[in-house]
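Okay, thanks for coming, everyone. I'll put the sequence and the structure up on the screen, and then we'll walk through a few spots together.

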Amino acid sequence: MKTTRGRRPETDRVSDAKTAREPLVDLGLFKLRAYDGALTANLMMNLAFGGLSYLLVLWLQNVRGYGAVEAGLLMLPSTLGIFLFIPQGSRLDSRRGGRIPVLVGLFVLAVGLAVLGFLSADSTLWLLAAGLLVIGIGLGVLSTPISNTAVGDVPIDFAGAAAGVFKMSSMVGGALGVAVLSALTRGFSAGATEDALRNAGLSAADVDTARNALVGSASFQDAIAQLPPDLGRSVTTAVADGFSDGIADALLVTGGIVLAALIVVRFLWPGRTERGAAAVAENPVAKN
């Protein structure tokens, strides 16, 4: 195998991870199906909530004109839903195992995202509050079961690595959520935004500046400053509508992704009666 001087082939590194006495992460951890299910659900939970929180705060500030503190307060329904339903998720976990509440929580999360898919520039804040409350309920139901499974239901030999990988999936999920949902929103809103700017007669440079700026920002206002007031307001309204529709479409797509993850978790995660036996059967260390 051809390698560069001073570097080892990737196949050797994977082989080391499989055979080392004390690897950083024992790959046997990922043979535990319940853990894989919890990890998938945790990644999706953070992807969805991290991305939607970022976009909705931008929407509240740049489209609806609220300040940073007001925008943060308007996101509180999700927090309320989480706090109210964390105990319900914990009770379900104790009675039925983690799998059922996680599946229910993912479904409710997808429903909440679908509600926010009806968002528009002039939507009532009650629609926003309802969608966030439903999302918070879903997150509350599944939060405790995935944590208990990922940290408490793994063999003791894997406990440290399991907790570290679980935490890493939370951070990766949040970062991916911001990146993916922002890209989706930009893609869905780009056509309407560019058409409105070009039809207003702006120069190519001003169109490029306004297209890459948030509606309501100083850069956007500078780009359309040359327009007559009435035309400027019309362009701002059109771009705000496009941005709002882009967010709504991105949230609908995210709801579909959550449903797809639900199906994956459904087949990954064994039922409660299989969980303890599967952990031992799939972990050679636990047998000894």
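Let's start with L125, which you'll find in helix α6. Is it buried or exposed? Well, in between: L125 has a relative accessible area of 25%, so we call it partly exposed. The window for that label runs from 20% to 50%, because under 20% would be buried and over 50% would be exposed. Now look across from L125 to L60: they're 65 residues apart along the chain, and their C-alpha atoms are separated by 9.8 Å.

Before I go on, a reminder that this is a predicted model, so please hear everything I say with that in mind.

While we have L60 on screen, there's another residue to pair with it. The C-alpha atoms of G72 and L60 are 9.0 Å from each other, with the two positions 12 residues apart in chain numbering. G72 belongs to helix α3, which covers residues 68-74. And G72 comes out at 36% relative accessibility, so that one is partly exposed as well.

Okay, zooming out for a second. What does the protein have in the way of helices and strands? It has 12 helices and zero strands. So if you read the elements from the N terminus on, you just say α over and over: α-α-α-α-α-α-α-α-α-α-α-α. As for burial, the protein has 288 residues, and 43% of them are buried.

Now the packing, and I'd like to use α2 as our reference. That's residues 33-62, and it packs with α6, residues 125-152, at an angle of about 155°, the axes being 10 Å apart. That angle makes α2 roughly antiparallel to α6, since anything over 145 degrees gets that name. The handedness of the α2 and α6 crossing is left-handed.

Then swing round to α5, residues 99-116. Here α2 and α5 pack at about 20°, and their axes are 11 Å apart. So α2 is roughly parallel to α5, the cut-off being under 35 degrees. The crossing of α2 and α5 is left-handed too.

Next up, F85. You'll see F85 in helix α4, residues 76-96. With 28% relative accessibility, F85 counts as partly exposed. Who's its partner on this slide? It's S143: the C-alpha atoms of F85 and S143 are separated by 9.4 Å, and the two are 58 residues apart along the chain.

Last stop, the surface. Which residues make the nonpolar patch? M168, M171, V172, L176 and V180 do, and the patch is about 420 Å². Let me pick out V172 from that group. V172 sits in helix α7, which spans residues 159-199. At 38% relative accessibility, V172 is partly exposed, and because patch members need over 30%, V172 clears that bar.

That's my tour. Happy to rotate the view to anything you'd like to see again.

How values were computed: Residues are numbered from 1 along each chain as its sequence is written. This is a predicted model: local features need pLDDT of at least 70, side-chain atom pairs count only at pLDDT 80 or more; totals for chains, interfaces and linings use all residues. Side-chain values use heavy atoms; hydrogens and water are left out. Patches are made of residues with over 30% relative accessible area and no salt bridge: like charges are joined within 9 Å, nonpolar side chains (Val, Leu, Ile, Met, Phe, Trp, Tyr) within 5 Å. Accessible areas come from the Shrake-Rupley method with a 1.4 Å probe; for residues, only the protein chains shown count as cover. A salt bridge is a side-chain nitrogen of Lys or Arg within 4 Å of a carboxyl oxygen of Asp or Glu. Helices (H or I, at least four residues) and strands (E, at least two) are DSSP runs, numbered from the N terminus. Buried means under 20% relative accessible area, exposed over 50%, partly exposed in between (1.4 Å probe, protein chains only). Axes are lines fitted to C-alpha atoms, for helices over the stretch in contact, and angles run from 0 to 180 degrees between N-to-C directions. Angles under 35 degrees count as roughly parallel, over 145 as roughly antiparallel, 65 to 115 as roughly perpendicular and the rest as oblique. A crossing is left-handed if the near helix is turned anticlockwise from the far one by less than a right angle, and right-handed if clockwise.
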